Amino acid sequence: RIMVPLALAFTLSEFNALKLATSYTPSSVRTTLGFRHGMIGSLHDAKFTQFRIAVDDASFIFGAMFWGCIFSSLLILFVSLVVFGLLCVEPFLPAVLQIIATIIGIGITILAKSIFLKFARYDN
């Protein structure tokens, strides 16, 4: 019973890590190429003294990217494991289905009201 929620949680967690990696890599490559081709000012720029004020802060970016990816993946793993676990554990299933049915019912009611009021307020 725990294998299905665990597999789904790990799948979502891995998808999150993959998405973050595919977002981080092009940004890092573009910045590196910008430095190499002179699009971003560096040693030969007239404002170099302004750029070197907090040069060590740039090293924090890679650490933040690494730990941010790990912690966000762990958070998604934990939250999705709890949600899918509640759906797959039999004693909790009736309560969870009742809550989902209530949320769907309220959502349909609000949607119907919004559509009705949109047409009721429409002036020709």
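These are my notebook entries on a few residues that I looked up in a predicted model.

**Entry on Asn-16**

I began with Asn-16 and found its place in helix α1, which spans residues 3-36. I then looked up its relative accessible area, which is 14%, and because buried means under 20%, I noted Asn-16 as buried. Turning to its side chain, I found a polar contact with the side chain of Ser-72, at 3.0 Å. I also listed what Asn-16 is in contact with once its neighbours within four places in sequence are left aside, and the list reads Cys-69, Ser-72, Ser-73 and Ile-76. Ser-72 therefore appears both in that list and as the partner in the polar contact.

**Entry on Phe-66**

Next I went to Phe-66, which lies in helix α3, residues 58-88. Its relative accessible area is 47%, so I recorded Phe-66 as partly exposed. I also looked up its separation from Tyr-24: the two residues are 42 apart in sequence, while their C-alpha atoms are 9.8 Å apart in space.

**Entry on the aromatic rings**

How many aromatic pairs does the count come to? I found two. For the rings of Phe-66 and Trp-67, the centres are 5.0 Å apart and the planes stand at 80°, and since planes over 60 degrees apart count as edge-to-face, I entered the pair as edge-to-face. Trp-67 is itself partly exposed, with a relative accessible area of 48%. Finally, I noted that ring pairs link Phe-66, Trp-67 and Phe-71 into a cluster.

Key:
Residues are numbered from 1 along each chain as its sequence is written. This is a predicted model: local features need pLDDT of at least 70, side-chain atom pairs count only at pLDDT 80 or more; totals for chains, interfaces and linings use all residues. Side-chain values use heavy atoms; hydrogens and water are left out. Helices (H or I, at least four residues) and strands (E, at least two) are DSSP runs, numbered from the N terminus. Buried means under 20% relative accessible area, exposed over 50%, partly exposed in between (1.4 Å probe, protein chains only). A polar contact is a pair of N or O atoms within 3.5 Å; within protein, one must be able to donate a hydrogen and the other to accept it, and residues adjacent in sequence count only if both atoms are side-chain atoms. Contact means heavy atoms within 4.5 Å. Rings of Phe, Tyr and Trp (its six-membered ring) pair if their centres lie within 6.5 Å; planes under 30 degrees apart count as stacked, over 60 as edge-to-face and the rest as tilted.
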